[in-house]
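This report describes one protein chain and the ligand bound to it. Please keep the sequence and the structure in view while reading.

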Amino acid sequence: MEKLIALCKRRGFIYPGSEIYGGVANTYDYGPMGVELLRNLQNLWWVNFVEKREDMVGLDASIISHHKIWEASGHVATFADAMIDCRNCRHRMRADHLLEDSLNKNVEGMPLVELESLLNENKVVCPVCGEFDWTPIRKFNQLFGVELGLVQGDDAKAYLRGETAQGMFVNFKNIIDSTRIRLPFGVAQLGKSFRNEITPGNSVFRTLEFVQGEIEYFFDPESTKWEKLFADWQEEMWEFVVNKLKISENDLRWREHTEKERSFYSKKTVDLEYNFPFGFKELWGLAYRTDYDLHQQQEYSRKDLSYIDPQTGKKFLPHVIEPALGITRSILMILSNAYTEDDKRVFLKIAPSLAPVKVAVFPLLHNKPELIETAREVYNDLQNNINGKIIWDDRGNIGKRYLAQDEIGTPWCITVDFQSLEDGMVTVRNRDTTQQDRIKIEDLTSHFNRLLITI
Ligand code: GAP
């Protein structure tokens, strides 16, 4: 983790948030490489789950949202972590995480009293100072409240959304009325969510502000078997992570929620977990949430959110299956999975479709106008004909330029040398194998476009 975090900072992927003022814990900024990676990942997700499917539509709902949405969803009453402080060193942490890490036991969904007795029976000490001197365990609500300036009283109260999901439920009727989509169908949304998290670090794994990619897949439980739909979604999620994000299958596993940790309205919940440097942890949740959310939003808003089947005229609240992916958490997975060291170098083995830079172009020497001219032509041609960022670099020696590109995961580097001026060919170096091939300048665009689709 330390090496990865250092590389992320050194090469412009992830910086600590508000760093020059001493930082704000658990906030991060995405640098020039990080933002490209983030955009590529979101784009891949969107193309895969929205653009290429006729049963899906997209949405971009407001982050600032009515307090009643979160009262209806249950977040105001129950979206809380169990918090504990060490009286000796004042370190604050999540009691469930403390117990899980110390006792190697899953305590999700356990009531406060049971957490408290587990702590006392096992005399669990503070991981920072080693003392056993705790405050009582208490609940800490994760929603970020905001105050609206233009209105007064109860209506001035709003929340930054704690999940993108509720935007899909409160807009369900709008989507039905404004499109020709019919059940079964899904609504997908990419965007920021906010949670007042108590977390021990681990970079962007758990942050106050993070990007989610969520889908609410609506269906009629009388005509669609939820078990089959659920299994189909599990397959889609696995396929996306393995074949599109190129994550090794050995580092992935499914974990089904126990009855205790599952929300009361959920019939089944599974997590797709990735083997992060600090162990297997949730990446992508899949839950059958029944009609709970539509039902709650209908009750609190007193607006009819039901669906009318155009063939039978049957009026009902659809049920929903929800695949909820952490996009920024996936960034950490992609970077951990890609980080590779051998005896000579460090490189990021990122899938080319996700790589922040697709191709880097180098003139062999920076002070030879004839090399610069041809290399610029190559660069401009790739800029105009390849989807994604192309980089120009003429500083330092070629070895240093390769090193810099390896560390940001650029799959291919092109060098224009004196031979190129005679035979119209350039050297293309492969990031993973370091193999160098000579390729005709006129074939470069089709060569890279083919590779970008196939690998
Ligand atoms: N609508 C359901 C929902 O939000 P969740 O399990 O709380 O479910 C879905 O969140 C995904 O969002 C998680 O699997 C995780 O990848 C990501 N996530 C949740 N909280 C996060 C946080 N504080 N920081 C980064 N990612 C987070």
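## Strand β5 and its partners

In this predicted model, strand β5 (residues 80–85) pairs with strand β7 (residues 138–141) in the antiparallel sense, and 4 bridges connect them. Within this pairing, Ala80 of β5 stands opposite Asn141 in β7. Strand β5 also runs antiparallel to strand β6 (residues 92–94), to which 3 bridges join it. Here Met83 has Arg94 of β6 as its bridge partner. The two strands β5 and β6 form a hairpin, with 6 residues lying between them. One residue of the turn, Arg90, has a positive phi of about 70°.

How many of the residues of β5 are buried? The strand is mostly covered, with 6 of its 6 residues buried. Ala80, Ala82 and Ile84 point one way from β5, while Asp81, Met83 and Asp85 point the other way; all of these residues are buried.

## The chain as a whole

The chain contains 15 helices and 24 strands. Its C-alpha atoms fill a box of roughly 75 × 65 × 50 Å along the principal axes. Of its 455 residues, 52% count as buried.

The domain assignment divides the chain into domain 1 (2–64 + 148–336), domain 2 (80–141) and domain 3 (359–454). The centres of domain 2 and domain 3, taken over C-alpha atoms, are 54 Å apart.

## The surroundings of the ligand

Which residues are closest to the ligand? The ligand is surrounded by 19 residues, and the closest are Glu163, Arg195, Glu197, Glu214 and Glu282. Sorted by character, the residues of this shell comprise 6 nonpolar, 4 polar and 9 charged.

Several polar atoms of the protein can be located relative to the ligand. An N or O atom in the side chain of Arg195 is 2.7 Å from an oxygen atom of the ligand. The side chain of Glu322 places an N or O atom 3.0 Å from a nitrogen atom of the ligand. In Gly326 a backbone N or O atom is involved, at 3.2 Å from an oxygen atom of the ligand. Taken alone, the ligand exposes 550 Å², and the protein buries 89% of that area. The elements that give two or more residues to the shell are β11 (209–219), β14 (279–290) and β17 (319–326). Strand β14 supplies the largest share, 5 residues.

## Strand β17 between β11 and β14

The three strands named above are also linked by pairing. Strands β11 and β17 run antiparallel and are joined by 6 bridges. In this pair, Phe219 has His319 of β17 as its bridge partner. Strand β14 likewise pairs with β17 in the antiparallel sense, over 6 bridges. In that pair, Tyr288 has Ile321 of β17 as its bridge partner.

Is β17 mostly covered or mostly exposed? The strand is mostly covered, as 8 of its 8 residues are buried. On one side lie His319, Ile321, Pro323 and Leu325, and on the other Val320, Glu322, Ala324 and Gly326; both faces are covered, and all of these residues are buried. Two of the residues on the second side, Glu322 and Gly326, were described above in relation to the ligand.

## Helix α13

Why is helix α13 (residues 398–408) described as largely enclosed by the rest of the structure? The reason is that 8 of its 11 residues are buried. The buried residues are Ile398, Arg401, Tyr402, Ala404, Gln405, Asp406, Glu407 and Ile408.

Both ends of the helix have features that can be located in the model. At the start of α13, a side-chain oxygen of Asn397 reaches to within 3.1 Å of the backbone nitrogen of Gly399. After the helix comes Gly409, whose phi is positive, near 80°.

## A buried aspartate in strand β13

Asp271 is found in strand β13 (residues 268–276). Its relative accessible area is 2%, and because buried means under 20%, Asp271 counts as buried. The side chain of Asp271 is joined to the side chain of His257 by a polar contact of 2.8 Å.

Technical notes. Residues are numbered from 1 along each chain as its sequence is written. Side-chain values use heavy atoms; hydrogens and water are left out. A residue is near a molecule or strand if one of its heavy atoms lies within 4 Å of it. A polar contact is a pair of N or O atoms within 3.5 Å; within protein, one must be able to donate a hydrogen and the other to accept it, and residues adjacent in sequence count only if both atoms are side-chain atoms. Accessible areas come from the Shrake-Rupley method with a 1.4 Å probe; for residues, only the protein chains shown count as cover. Ala, Val, Leu, Ile, Met, Phe, Trp, Tyr, Cys and Pro count as nonpolar, Asp, Glu, Lys and Arg as charged, and the others, Gly among them, as polar. Domain bounds come from an automatic or database domain assignment. Buried means under 20% relative accessible area, exposed over 50%, partly exposed in between (1.4 Å probe, protein chains only). Two strands pair if DSSP finds at least two bridges between them.
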